[in-house]
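Hi there,

Here is the structure I promised to send over. Have a look at it first, and then read on for my notes on what turned up.

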Amino acid sequence: MSLTDIILKLALVGGDPVLYILLVMSIITIAIIIERFMAYKVIEQNLDKYDPLELRLQLEKRLGILATFGNNAPFIGLFGTVLGVIKAFHHLGTSSEFGVRVVMTGISEALVATAMGLFVAIPAVIGYNYFVRKMKFLLMMYESKKW
């Protein structure tokens, strides 16, 4: 068995495992956004009780996860799409049926992974940008009260 055959067998699993990964990433993204909204509200109300390092650490907490998900979810979705297209073409090549319907069904299922990747990335990027802007504002407010 060649390396190509081994990789093809893995690819024929399709995009389903990728969709599960993206679903978990989506849940984590929403959870972080909700947690950060609540945390920023508490931080803003108690801004004067923090020392500078503790404040920055509290404000930056979990933002790296949002940035990572926002940057990588489209690529993970694209990977799922590629796996789905490989699976669709393989089934087309081995199937006794031939026609537009066979190809379009497989490709439309594969494109779900790309859509799911964007579904994860867009809220993650929006959340990240919002919290970075809010963090800068709160740090500026903190500095203005200290002087």
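A word on terms before the tour: helices here are DSSP runs of H or I with at least four residues, numbered from the N terminus. With that numbering, Lys61 sits in the loop between helix 3 and helix 4. Please keep in mind throughout that this is a predicted model.

**Overall layout**

The chain holds 5 helices and 0 strands, so the pattern along the sequence reads α-α-α-α-α. Its C-alpha trace spans about 75 × 30 × 20 Å along the principal axes. The radius of gyration is 22 Å, whereas a compact globule of 147 residues would come out near 15 Å. Buried residues account for 32% of the 147 residues. If you take the contacts between residues at least 6 apart in sequence, 86% of them join residues at least 24 apart.

**Two helices, end to end**

Does helix 2 span what its residue count predicts, or does it fall short? Its 30 residues should cover 44 Å at 1.5 Å a residue, and because the end C-alpha atoms are 44 Å apart, the two values agree. The buried residues of helix 2 include Val18, Leu22, Met25, Ile32, Ile33 and Ile43, and polar ones such as Ser26, Thr29 and Arg36 are on the list too.

Helix 4 covers residues 63-94, which makes 32 residues. From first C-alpha to last it reaches 46 Å, close to the 46 Å expected at 1.5 Å a residue. Along the way it bends by about 40° at Asn72, with a proline, Pro74, following within four residues. Among the buried residues of helix 4 are four glycines, Gly70, Gly77, Gly80 and Gly84, together with Leu63, Leu66, Phe69 and Leu92.

**The nonpolar core**

In soluble globular proteins, nonpolar side chains tend to be buried together. The largest nonpolar core in this model has 27 residues, and Leu22, Tyr40, Leu55, Leu59 and Leu66 have the most contacts inside it. Helix 2 (16-45), helix 3 (52-60), helix 4 and helix 5 (100-146) each give two or more residues to this core. Which of them gives the most? That is helix 5, with 10 residues.

Leu55 is a good place to zoom in. Beyond its neighbours within four places in sequence, Leu55 is in contact with Ile43, Leu47, Tyr50, Leu139 and Tyr142.

**Polar residues that are buried**

Thr81 is part of helix 4. Is Thr81 buried or exposed? Its relative accessibility is 7%, which is under the 20% cut-off, so Thr81 counts as buried. The side chains of Thr81 and Thr114 are joined by a polar contact of 2.4 Å. Setting aside neighbours within four places in sequence, Thr81 also has Ala110, Leu111 and Ala113 among its contacts.

Lys134, in helix 5, is another one to look at. Its relative accessibility is 19%, and because the cut-off for buried is under 20%, Lys134 counts as buried by that rule. Away from its neighbours within four places in sequence, Lys134 is in contact with Tyr40 and Glu44.

**The loops on either side of helix 3**

Asp51 lies in the loop between helix 2 and helix 3. With a relative accessible area of 39%, Asp51 is partly exposed. A polar atom of the Asp51 side chain lies 3.2 Å from the backbone nitrogen of Leu53. Asp51 and Tyr142 are 91 residues apart along the chain, yet their C-alpha atoms are separated by 9.6 Å.

Back to the loop between helix 3 and helix 4, where Lys61 was placed above. Lys61 is partly exposed, at 33% relative accessible area. Lys61 and Gly15 are 46 residues apart in sequence, and 32 Å lies between their C-alpha atoms.

Arg62 belongs to the loop between helix 3 and helix 4 as well, and is partly exposed with a relative accessible area of 35%. What is the phi of Arg62? It is positive, about 70°, although Arg62 is not a glycine. Most residues other than glycine have a negative phi.

Happy to go through any of this with you over coffee.

Best wishes

How values were computed. Residues are numbered from 1 along each chain as its sequence is written. This is a predicted model: local features need pLDDT of at least 70, side-chain atom pairs count only at pLDDT 80 or more; totals for chains, interfaces and linings use all residues. Side-chain values use heavy atoms; hydrogens and water are left out. The expected span of a helix is 1.5 Å times one less than its number of residues. The bend at a residue is the angle between axes fitted to the seven residues ending there and the seven starting there. Buried means under 20% relative accessible area, exposed over 50%, partly exposed in between (1.4 Å probe, protein chains only). A nonpolar core is a set of buried Ala, Val, Leu, Ile, Met, Phe, Trp, Tyr and Cys residues joined through side-chain atoms within 4.5 Å. Contact means heavy atoms within 4.5 Å. A polar contact is a pair of N or O atoms within 3.5 Å; within protein, one must be able to donate a hydrogen and the other to accept it, and residues adjacent in sequence count only if both atoms are side-chain atoms. The radius of gyration is taken over C-alpha atoms; the globule rule is 2.2 Å times the number of residues to the power 0.38.
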